[in-house]
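User: I would like to understand how the descriptions of this structure are justified. Please take me through the reasoning behind them.

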2 protein chains.
Amino acid sequence: MTESNPSVQDALASLAATSTVVVPASERVADRIRAEVAEARLRVGARLPEQALGEALQVSRNTVREALSQLVAERVLVRIPNRGVFVARPERVDVRDVYSARLVIEPGAVRYGERVADPAALAAVARAVDTGRSAAATGDWVGVAAANQHFHRAVVALAGSPRLDREMGRLLAEMRLVFQRMPGVREFHEPYLTRNGEIAELLADGAIEKAADELARYLVTARDQLLDAYARL
Amino acid sequence: MTESNPSVQDALASLAATSTVVVPASERVADRIRAEVAEARLRVGARLPEQALGEALQVSRNTVREALSQLVAERVLVRIPNRGVFVARPERVDVRDVYSARLVIEPGAVRYGERVADPAALAAVARAVDTGRSAAATGDWVGVAAANQHFHRAVVALAGSPRLDREMGRLLAEMRLVFQRMPGVREFHEPYLTRNGEIAELLADGAIEKAADELARYLVTARDQLLDAYARL
DNA sequence: GTGTGAAGGATTGTTCTACGATCCTGCAAT
DNA sequence: ATTGCAGGATCGTAGAACAATCCTTCACAC
């Protein structure tokens, strides 16, 4: 590199930032299956035979196994030795555990997050509240559920930690499976819309301690309601 | 089941609880490699060729690949497409992120954990402090480091969430890689022994808010110290 | 009838082989 | 000193194969 003017430097830096365009086959398969589970086209408890999947997706059984292993690690699927992999069926203890984790992460992100004062991060929280409200106004309940997930994701993003964001994503994926198992999801999400709004306002006002504690109460209420619904099932 | 007295019930329940004795080959391999990395026999940045591993461990390349994929998901290894997998080399941004996550999880577990008053859980914290002190007394610095990890693990266990425990395990595994990269680890751990003790006492006294905030300050200090050491490297 | 046991089929766990794609290395050419 | 290219190594993926395990079915005995 005999000479290097700034524009060339920038161009090289931008090229270095471009990630690989090619996505491994096993990841494509994992993405496909993950989406099918998220959209409930693959119901809770459904079995996923390796050979059938390989033929359906035009991919080798090896590749299918890699994808399935990844999804098992994400707790979207469970593997029973010598029996196969199934869409995870969250039990009572799982609901309890997921909420124990959320109860630490979400209020913790509010109280000890490094971006609690970041306008962009706070705007994302407010946006999730707004989209949830407009979805509710049109009776779009699946939209309300999605907005609710966005809200909690945005709250955790206040921590500014990609690792925590990923873990929260896994927890929310489990929540989707929980909702699959119980009826009356529409009524479930609606009352929390107003509470989401209250928390967003507290955050905007900088009342982070109040917001964190209110969020904790919120989660305990939701957990108990879910456990109650699980009990009569 | 025509008749069933309680003793039979108990026996069946205990049998149902016994997990499968057979461990899949890929998991055995993953455990092996994970241990090698933890003991720093596989140094940061080291390359792990699939074929060589398979021959060394008397296992097929497919099985090795499954194990490696699992460890990549745990962030112990990183995979560079068409190049291979390597022992992860945590950069500055990784240290920052790990601490952002710990800063949420650890004080969060203290403040919002469901087992903060559980004597058994608190005893585990105190025990980690004690073993750390006796290790320091004999100059056993690797023992001090291990006890320190136990301390933080015990703190997160106050949340009572296996999922959070697993995530904390992954974060601590990354911390071990961080410590591999910087010299003077002995001096690093020692000053935190007394702070561990202070936090344990606060917890024993039921001063959970003070304990949580002190833990947060603790983590910020440690993070800055590590980032500083990383800068001059 | 209810429980026990054996035969048959399907699926998983694992190994082995194979081959194109990609990357690294070294050397020659400009 | 940079570029271009051949050679070699490793990865990504496919495919076939086989033992081990599990489920189902059916026959059999009490």
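Analyst: This is a predicted model. We may begin with the residues that surround DNA strand C.

User: What makes a residue count as near DNA strand C, and which are the closest?

Analyst: A residue is near a strand if its C-beta atom, placed from the backbone, lies within 6 Å of it. For DNA strand C, 19 residues surround the strand, and the closest are A:Gly84, B:Ala25, B:Ser60, B:Asn62 and B:Thr63.

User: Which element gives the most to the surface near DNA strand C?

Analyst: That element is α4(B), with three residues. At least two residues each are supplied by α3 (50-56) of chain A and by α2 (25-38) and α4 (61-73) of chain B.

User: Why is A:Gly84 counted as polar on this surface?

Analyst: Gly is placed among the polar residues by definition, so A:Gly84 belongs to that class. The surface near DNA strand C divides into five nonpolar, nine polar and five charged residues.

User: What surrounds DNA strand D?

Analyst: DNA strand D is surrounded by 18 residues, the closest being A:Ala25, A:Ser60, A:Thr63, B:Glu50 and B:Gly84. Two or more residues come from each of α2 (25-38) and α4 (61-73) of chain A and α3 (50-57) of chain B. By class, six are nonpolar, nine polar and three charged.

User: How do you know that domain 1 and domain 2 of chain A touch?

Analyst: Contact requires C-beta atoms within 7 Å. Seven residues of domain 1 (23-87) are in contact with seven residues of domain 2 (92-231), therefore the two domains of chain A touch by this definition. On the domain 1 side, four of these residues are nonpolar, none polar and three charged.

Methods. Residues numbered from 1 in each chain as written. Chains lettered and ligands numbered in written order. Predicted model: local features only at pLDDT ≥ 70, side-chain atom pairs only at ≥ 80, totals over all residues. Domains from an automatic or database assignment. Helix = DSSP H or I, 4+ residues; strand = E, 2+ residues; numbered from the N terminus.
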